[in-house]
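I opened this notebook to record what I looked up in the structure. My topics are the ligand surroundings, the sheet and the helix packing.

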Amino acid sequence: MPDTIAHLQDLRARLAAAPVADASALDAARNRNEQLTKPPGALGRLEDLAIWMGGWQGTDRPRANHPQVVVFAGNHGVTARGVSAFPAEVTAQMVLNFQAGGAAINQLAKQFGARMDVHALELDTPTADFTLAPAMDEGEFLRALQAGWNAVAPEADLLVTGEMGIGNTTSAAAVALALYGGEAADWVGRGTGVDDAGLALKAEVVTAGAAKHSGVTGLEVLRCLGGRELAAMAGAIARARVLRIPVILDGFICTAAAACLVAEHPAALDHCLAGHVSVEPGHARLLEHLGKEPLLQLGLRLGEGSGAALAIGVVQGAVACHSGMATFAEAGVSDG
Ligand SMILES: Cc1cc2ncn([C@H]3O[C@H](COP(=O)(O)O)[C@@H](O)[C@H]3O)c2cc1C
Ligand SMILES: O=C(O)c1cccnc1
């Protein structure tokens, strides 16, 4: 039975007490990497990836055979301001599509052998319009964090958190502005495809939201400007940190949610990789702030966990080589 996040302080305490990567496993994985039948460094970033996986999994033979993709859906009051190219009903309609196996993320999860879970979070009760009030009250926020916390399968060896929530690129931009400052225009993008007037409107809405909730930090940013699916992703990422399950971050929305955890604890995302960099312009900026180099750049602007799910394949390639290759001694190959 997973434990309860009854107060924000509980989450902060769990992050502060979370174990770090296993130093001896890191050493053993580095040592193994040096003996594998290839010129030193020839597998590029795959080598660092496999060693990093070994550290979090506590072994010199890391694996990614049981990945989990978990998709959270939430509705946003701020959609009333006309910030998305699609109507808010699409959130619930896409949940049905996820459940029927018809979305992009279903295909990618299947392709890489990942289990996929979908959690619709109180879709009939959109968050408040954050230009007028905090998006969630404390009870709503804690329920969403807990839903994310509970959603992680402890036996998973890799986790992807995805989202669905019409209007959530506006919410993520407001979160990013509150965390890192600058201008709203630095953080907004076209999301589902708004035109120039839509983009200008998003910047106005984001500016108004950040002004309404100025001075808030960390998880409070997520409560005031985020959404249930963002909060749940943060809860899941925090749980994975406690369980030492490596996480692949997805696009702009996932990364904005995750960034709120770093504001609470500097090592909160040490177990996270950046799966890709999205077309949404704020995403590259967020990754720079977090010091994370994306694995892929494919021009994706979907969310759902799609870019991170594709990166499961890269991680699987890295650990397959690292854990399966012969050493020079085993294969009788002369080393250099
Ligand atoms: C059919 C459809 C499927 C999606 N899957 C992810 N998103 C993505 O688009 C939304 C964010 O963009 P905005 O802020 O412009 O509303 C989120 O739901 C995100 O997951 C979708 C959007 C649509 C329309
Ligand atoms: O980067 C993302 O996650 C993203 C971009 C556009 C639309 N939905 C999600």
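**Ligand 1**

I began with the shell around ligand 1, to which helix 7 gives the most, with three residues. The model I consulted is a predicted one.

I then listed the whole shell: 18 residues surround ligand 1. The closest are Ser84, Thr169, Gly191, Thr192 and Gly303. I asked which elements give two or more residues to this shell. They are helix 4 (89-100), strand 3 (158-164) and helix 7 (168-180). Sorted by class, the shell around ligand 1 holds seven nonpolar, nine polar and two charged residues.

**Ligand 2**

I repeated the search for ligand 2 and found 13 residues surrounding it. Gly251, Phe252, Ser278, Arg301 and Gly303 are the closest. I noted that Gly303 is listed among the closest residues for ligand 1 and also for ligand 2. The classes in the shell around ligand 2 are three nonpolar, seven polar and three charged.

**The sheet**

I next looked up the strand order. Five strands form an open sheet in the order 2-1-3-4-5, and their pairing is parallel. Which strands lie at the edges? Strand 2 (115-120) and strand 5 (272-274) do, each pairing on one side only. I recorded an average turn of 25 degrees between neighbouring strands of this sheet, with direction ignored.

I examined one pair in detail. Strand 3 and strand 4 (residues 247-249) run parallel and are joined by two bridges. Leu159 has Val247 of strand 4 as its bridge partner. Strand 3 is also among the elements that give two or more residues to the shell around ligand 1.

**Helix 6 against helix 11**

I turned to helix packing. Helix 6 (residues 138-151) and helix 11 (residues 228-243) have axes that come within 6 Å and cross at roughly 45 degrees. I therefore entered helix 6 and helix 11 as oblique to each other, since an angle from 35 to under 65 degrees falls outside the roughly parallel and roughly perpendicular ranges. Their crossing is right-handed.

I listed the residues that meet. Helix 6 brings Phe141, Ala144, Leu145, Gln146, Ala147, Gly148, Trp149 and Ala151. Helix 11 brings Arg228, Ala231, Ala232, Met233, Ala234, Gly235, Ala236, Ala238 and Arg239. The contact of helix 6 with helix 11 comprises twelve nonpolar, three polar and two charged residues.

**Helix 1 against helix 11**

I finally checked another partner of helix 11. Helix 1 (residues 8-17) packs on helix 11 at an angle of about 35 degrees, and the axes are 9 Å apart. The crossing of helix 1 and helix 11 is left-handed, whereas that of helix 6 and helix 11 is right-handed.

Leu11, Arg14 and Leu15 of helix 1 meet Ala238, Arg241 and Val242 of helix 11. I counted the classes in this contact as four nonpolar, no polar and two charged. Ala238 appears in the contact with helix 1 and in the contact with helix 6.

Key: Residues numbered from 1 in each chain as written. Chains lettered and ligands numbered in written order. Predicted model: local features only at pLDDT ≥ 70, side-chain atom pairs only at ≥ 80, totals over all residues. Near = placed C-beta within 6 Å. Nonpolar A, V, L, I, M, F, W, Y, C, P; charged D, E, K, R; others polar. Axes fitted to C-alpha atoms, helices over the stretch in contact; angles between N-to-C directions. Helix = DSSP H or I, 4+ residues; strand = E, 2+ residues; numbered from the N terminus. Parallel < 35°, antiparallel > 145°, perpendicular 65-115°, else oblique. Left-handed = near helix turned anticlockwise from the far one by under 90°. Contact = placed C-beta atoms within 7 Å. Pairing = 2+ DSSP bridges.
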